[in-house]
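Me: I would like a close look at one part of this model, namely the strand pairing. Please take me through that part step by step, with what lies around it.

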Amino acid sequence: MKSHSDKSHPPANIGDNVMIPIPDVDKSKVDLRNIIGVVIDITDEGLYKVGTKHGILQTLYCRTQFDVSAQRFITENDVNMESEISLRTAATKHSIGSGQGFLKCSCTTSCKTNRCLCKKKNVLCNSKCHSSLSCNNK
């Protein structure tokens, strides 16, 4: 089984761009499926340290946990070497939304006070918030 795995997943080199899948619980439906990073180090055990534009990922990855990209999107110089971040934090920073999902309130009033979750976070209410009730935060 190990030889079959080695054939289907050849080793990556330092400087290769890789795509690491983001688990569904760490992203919203509209976010990207993968984080693009670059291999910055390989340990003696064959584990890979991956860096992104926002920092170095804390987890070491084995070769079966990512795919090597044929194109170069970032280089080792683009990696923020000062900070170590988790995959969830990297997914949130690459997100076009608020990270793990959409913000919505379930107000029964007209969203005038800071009891409304959307108003408290300075976000406008959307169609997911409350059904056909009147709203002052649109």
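Reply: Happy to. Two strands count as paired if DSSP finds at least two bridges between them. The strands themselves (E, at least two residues) and the helices (H or I, at least four) are DSSP runs, numbered from the N terminus. Please keep in mind that this is a predicted model, in which local features need pLDDT of at least 70 and side-chain atom pairs count only at pLDDT 80 or more, while totals for chains, interfaces and linings use all residues. Residues are numbered from 1 along each chain as its sequence is written, and side-chain values use heavy atoms, with hydrogens and water left out.

Let's begin with the overall layout. An open sheet is formed by 6 strands in the order S5-S1-S2-S3-S4-S6, with mixed pairing. S5 and S6 are the edge strands, each pairing on one side only. As background, strands of a sheet pair through backbone hydrogen bonds, either parallel or antiparallel.

Now let's walk across the sheet from S5. Strand S5 (residues 67-68) pairs with S1 in the antiparallel sense over 2 bridges, and in this pairing Val68 of S5 stands opposite Val18. On to the next pair: strand S1 (residues 17-21) and strand S2 (residues 34-42) are antiparallel too, with 5 bridges. You can find the register from Asn17, whose bridge partner in S2 is Val38, and from Ile20, which stands opposite Ile35 in S2.

Val38 is a handy marker for the next step, since Val38 also stands opposite Gly51 in S3. S2 and S3 run antiparallel and are joined by 4 bridges. They form a hairpin with 5 residues between them, and Gly46 in that turn has a positive phi of about 90°. From S3 the chain goes on through a hairpin of 2 residues to S4. Here, too, the strands run antiparallel, joined by 2 bridges; the bridge partner of Thr52 is Gly55 in S4.

S3 deserves a longer stop. Buried means under 20% relative accessible area, exposed over 50%, and partly exposed in between (1.4 Å probe, protein chains only). By that scale S3 is mostly covered, as 4 of its 5 residues are buried. One residue to look at is Tyr48, buried at a relative accessible area of 4%. A search of the whole structure finds 1 aromatic pair: Tyr48 and Phe66, edge-to-face, at 5.3 Å centre to centre and 85° between the planes. This pair links distant parts of the chain, Tyr48 in strand S3 and Phe66 in the loop between S4 and S5, 18 residues apart. Rings of Phe, Tyr and Trp (its six-membered ring) pair if their centres lie within 6.5 Å; planes under 30 degrees apart count as stacked, over 60 as edge-to-face and the rest as tilted. Phe66 is buried as well, at 1% relative accessibility.

S3 also takes part in a salt bridge, and a search of the whole structure finds 1 of these. The side chains of Lys49 and Glu84 meet in it at 3.9 Å, N to O. The pair joins distant parts of the chain, with Lys49 in strand S3 (residues 48-52) and Glu84 in strand S6 (residues 84-85), 35 residues apart. The contact qualifies because a salt bridge is a side-chain nitrogen of Lys or Arg within 4 Å of a carboxyl oxygen of Asp or Glu. Glu84 is partly exposed, with a relative accessible area of 49%.

Back in S2, have a look at Ile40, which is buried at a relative accessible area of 14%. Contact means heavy atoms within 4.5 Å, and, leaving aside neighbours within four places in sequence, the contacts of Ile40 include Lys49, Val50 and Gly51, along with Ile14 and Ile56.

Finally, there is a helix to place against the strands. Helix H2 (residues 87-94) lies across S1, S2, S3, strand S4 (55-57) and S6, running at about 130° to S2. For that angle, axes are lines fitted to C-alpha atoms, for helices over the stretch in contact, and angles run from 0 to 180 degrees between N-to-C directions.
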